[in-house]
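I sat down with this entry to work through a handful of local features, one after another, and to write down what I found for each.

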Amino acid sequence: MKSFRFYNNLIGWITFIIAATVYLLTIEPTASFWDCGEFIASAFKLEVGHPPGAPFFMILGRFFTLFAGNVENAAKMVNMMSGLASAFTILFLFWTITHFAKKIILKDGNYTTGKILTVIGTGLVGALAYTFSDTFWFSAVEAEVYATSSLFTAIVFWAILKWENEADLKYSNRWIIFIAYLMGLSIGVHLLNLLAIPAIVFVYYFKKYSVTRRGVFYAFVISGILLAVIMYVLIPGVIKVASWFDLLFVNGFGLPYNSGVLFYIALLIAVIIWGLKYTQKQGKTVFNTIIIGFTVILIGYSSFAMVVIRSSANPPMDQNNPDNAFDLLYYLNREQYGDRPLFYGQSFDAPMISNKETKPVYVKKDGKYIVADHKIEVEFDPRFTSIFPRMYSPEQRHVAQYKNWVDLSDNEITITNARGEKEKRIKPSLSDNIAFFVKYQFGHMYFRYFMWNFAGRQNDIQGHGSVLKGNWISGIPAIDNARLGNQDDVPDHLKNNPGRNKYYMLPFILGLLGLVYQYKRNKKDFAIVLMLFILTGIAIVVYLNQYPMQPRERDYAFAGSFYAFAIWIGLGVAMLTELMSKKVNRSVSAILVTTVSLVLVPGIMAAENWDDHDRSGRYTARDLAYNYLNSCKENAILFSNGDNDTFPLWYAQEVEGIRTDIKVCNLSYLRASWYIEQMSRKSYESDPMPFSLTHDKIHKGNRDVLPIIDRIGKAVNVKDVVSFIASDDEKTKINSPFVENETVNYIPTKKFSLPINKDEILEKGILDQKYADRIVNSIEWSFGQSYLYKDGLMLLDLLATNNWERPIYWASTVTSSKYFNLGKYFKLDGLTYQLVPFIAEDSRGYTGEVDTDVVYNNIMHKFKWGGIEEGDIYFDENNIRMFSNLRSSFGRLAEKLIDEGKVDSALTVLDRCMELFPDHKIPFNNTLLSVVSAYYHAGGIEKAESLVHLLSGKMYSELDYYFSLNTKYINGRRDISNEIQLNLFILQELYRITGEFDQQAINTEIEENFMRYVQMYRR
């Protein structure tokens, strides 16, 4: 026994060292894309990140940044925290697997060498398989919450198994209290850990009670109630009651904000103390344990106090401004993201009957809480509501995908609408919803990820159902060719994709063996692991109810399910060892099976996954943020929109202090009054955005959506428009088209103008003198829509009040719909468009006119390139997309330089582009067309021809493969028609370019091939 305990601990720590070494070697040295930049920034200065917050993660992150030495290393330290958390997860996984294996193999108490080796082998193979699994490794090397959340899951699951070992001892309940405390802490990281509760309850039930069908049912119900109470009662309920007290104390007693919360906390503590003393005195052990458990959960949950405290300090990043109980409740409930039906609700084509006002929305004003608005509950036509609504999003691109995944052609019904008109609507049936759940939500958004981890992955390109992108593969031709077409003929850029990983289904098979083995040998433990597997997998699929076309892959949400399967992978070793030991000595069998399994499962996984999980040396997100900021003039305002152009900017400013004179404003947030207030405050060297509309004009529920009704018919000075909108005079309002018996402000014109003072523009340095003769007397534009949301209103206000004091920019990645039809007044300065008082010259279909002096200086001298020059660094789809867009910018700059007669400079730019972005690093695509055209224009004929041959050859190869596939892939949900059309477009453009420069031979070749492919496509 002692020998087993020693080796169990020793090998466990060895697996930890292996995992930690792997993760620390492959971490990204700075911020990654998506939420990582925001998490690092909020941890570094303890600021308030996006809802529902992760305060305990921030505290841990802040602790690690204390050892950074300098700000450039802060991100690396938080990434290291994820790596170490992941390594500890592997340690606890090892001990979890050996616990289950021990209960099967060593249940007779006979600790022979062969049995000990078998148990240790199960833990080693299972833990290392999970170490090198795709999803877990991805989260382990970046500053996201999922690595830390996985650690909490691993610890609490291990802790209940420790309790199981000591359940008959006097102080065994200490493990239950420990688990409760960890659950409370985990709320401050991510709620995923709570899904381990049912498995924990079943461990308790199986240990303490005789198993009966009724007992199993009661245990299941109790576990569900516990989970629901913590998620839907305790977490929001504690804050909701606090808001009641605060409303009473502030509005009723005239006391300061949060005074009621403080009284409530004191009262809660007093009640807990009384309850503990009373139950102890009365000998009510169970109730005493429950109160202690509730208390330690609250202690862990109290990390959210940091959110309120830091929000009250008004830091630069203060999302939702949760400085009081009402706003904290809004923050915790993630209300800014809207709601979705779960078990009952509307379908995507359901007619809306009415909007009902429900709960009041409170805001702070003059020392009181006032009702600013009411939450709106939409009532839908009951004919279009059903149980288990899986197809609910009315967004047109989602509707199109619903129709791709499920045949809805027979589901049209005719109804009479509110206007008395007949119209056709689609009504999905329950079977349609189940079909979408099985095919998309389970099949595409869970099982595909599961097989990525245990069978193999096609590539690292996000897939929405296409046969070409993001599917699982096995490396076994008979399986892959039947599902995805002949894999031997896959185009080189897909065949050589670093994310193309083949495990030959060996981890999957070994896991299935372990599943069967545990089921046969210990059904109770099998039920526990199965419970963890289902609740952290399929149950999440049901709960998330995801719509199609997700902005990113979501495999990270199911890491707990893959963790559970890794337990079965380990137990598969025990099954194989037991089978072999019938013919060979047990010790020899254990060594042989463990060794072979290590090579064929974690060994292959490590070899296949290393190249696409090694992020060392990659600085793309940080450097692109640097480039965005340094594309702006001093004291600028920079509009961003999405996660990947905003969060790196926040990181660059908040952590590394890069260009803190610039005010970064996220347009998607600018619809929220709390964000408008945040933008109205000074941050570092950046002055407030000069809005004229005060809080009482734009708080939540006020001027959220403005109808546009053209009653003037000509362009109106934007200052007059803003004054009209700001008025509270009933004459400036109309009857609300949204809520009955209400009036709302509106915009009385569709056309706007902004007068220009040429001398002031030049004096303030908004433009260089070279543009002086092109400055117009006024900017004129229209929004071209029927409604204007608050972000558009605040832009109008900014234009009306800025008086060209500060230069205004849009990040080049902002979608054109957020230009608000101002694109004809854009000047490209690198990675940003500056709003300028002259009409941009035609840019061959691109937005904005290139300022060659500024862009040349930025691209050739100032910009950083994310480590792309340093050698063989892995760039995933996001990185490649960003660099591809930059390649197009090089081409645009070169063309403009040629137009200005600066041919030598153009060639220098083009050569630099090809040096930075060769095909083997950033695969050639349509962004190369501008480079090819520019080379021809600049006289670099040989270089242009070389690129034409490379690009056209690539298109031929891809099209040959596409047309070799079954015709079922040309249309439907596995549609590749977009890829075919893009390749044909590229060939068409190459034909046009080579024809323009009289390259007869290659031009004829392209034409012949193009026509051949067009004919094939038409068939």
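My notes below take the core, a few helices, two sets of strands, the cavities and one lysine in turn.

**Standing of the model.** I am working from a predicted model, and I keep that in mind for every value that follows.

**Nonpolar core.** I looked up the largest nonpolar core, which has 319 residues, and I noted that Phe 639 and Trp 810 are the residues with the most contacts inside it. I then asked which element supplies the largest share of this core, and I found helix α4 (residues 74–105), with 18 residues. As background I wrote down that, in soluble globular proteins, nonpolar side chains tend to be buried together.

**Surroundings of Trp 810.** I listed what Trp 810 is in contact with, leaving aside its neighbours within four places in sequence, and the list includes Leu 638, Phe 639, Leu 667 and Leu 795. Lys 818, Tyr 819, Leu 822 and Phe 826 are also among the contacts of Trp 810, as are Leu 831, Thr 832, Tyr 833 and Leu 835.

**Strand β20 and its partners.** Thr 832, Tyr 833 and Leu 835 led me to strand β20 (residues 832–835), where I found both faces covered: Thr 832 and Gln 834 on one side are buried, and so are Tyr 833 and Leu 835 on the other. I looked next at the pairing, and I saw that strand β18 (residues 808–811) and β20 pair in the antiparallel sense over three bridges, with Gln 834 as the bridge partner of Tyr 809. Strand β19 (residues 826–828) is also antiparallel to β20 and is joined to it by three bridges, and here Leu 828 has Tyr 833 as its bridge partner. I noted that β19 and β20 form a hairpin with three residues between them, and that Gly 830 in the turn has a positive phi of about 140 degrees.

**A second set of strands.** I traced an open sheet of three strands, in the order β12-β15-β16, with mixed pairing. Its edge strands are β12 (716–717) and β16 (778–782), each of which pairs on one side only. Strand β15 (residues 751–755) pairs with β16 in the antiparallel sense over five bridges, and I found Pro 755 opposite Ser 778 of β16.

**Helix α5.** I checked the span of helix α5 (residues 113–131), whose 19 residues reach 26 Å from the first C-alpha to the last, close to the 27 Å expected at 1.5 Å a residue. Of these 19 residues 17 are buried, so I describe α5 as largely enclosed by the rest of the structure.

**Cavities.** I searched the whole structure and found four cavities of 30 Å³ or more, and the largest cavity has a volume of about 130 Å³. This cavity is lined by 14 residues, of which Ser 150, Thr 153, Leu 192, Ala 559 and Gly 560 are the closest to its centre. The elements that give two or more residues to this lining are α7 (145–166) and α22 (559–580), and α7 gives the most, with four residues.

**Lys 208.** I asked whether Lys 208 is buried, exposed or partly exposed. Its relative accessibility is 40%, so I count Lys 208 as partly exposed. Lys 208 is found in helix α9 (residues 197–208), and it touches Trp 163 and Ala 167, not counting residues up to four places away in sequence. Last, I noted that Lys 208 and Phe 997 are 789 residues apart in sequence and 84 Å apart in space, C-alpha to C-alpha.

Technical notes
Residues numbered from 1 in each chain as written. Predicted model: local features only at pLDDT ≥ 70, side-chain atom pairs only at ≥ 80, totals over all residues. Heavy atoms only, no water. Expected span 1.5 Å × (residues − 1). Buried < 20%, exposed > 50% of the residue type's maximum accessible area, 1.4 Å probe, protein only. Pairing = 2+ DSSP bridges. Core = buried A, V, L, I, M, F, W, Y, C linked by side-chain atoms within 4.5 Å. Contact = heavy atoms within 4.5 Å. 1 Å grid on protein atoms, 1.4 Å probe; cavity = no way out; pocket = protein on both sides within 12 Å on 5 of 7 lines; lining within 4 Å. Points joined across faces, edges and corners; volume = space filled by probe spheres on them.
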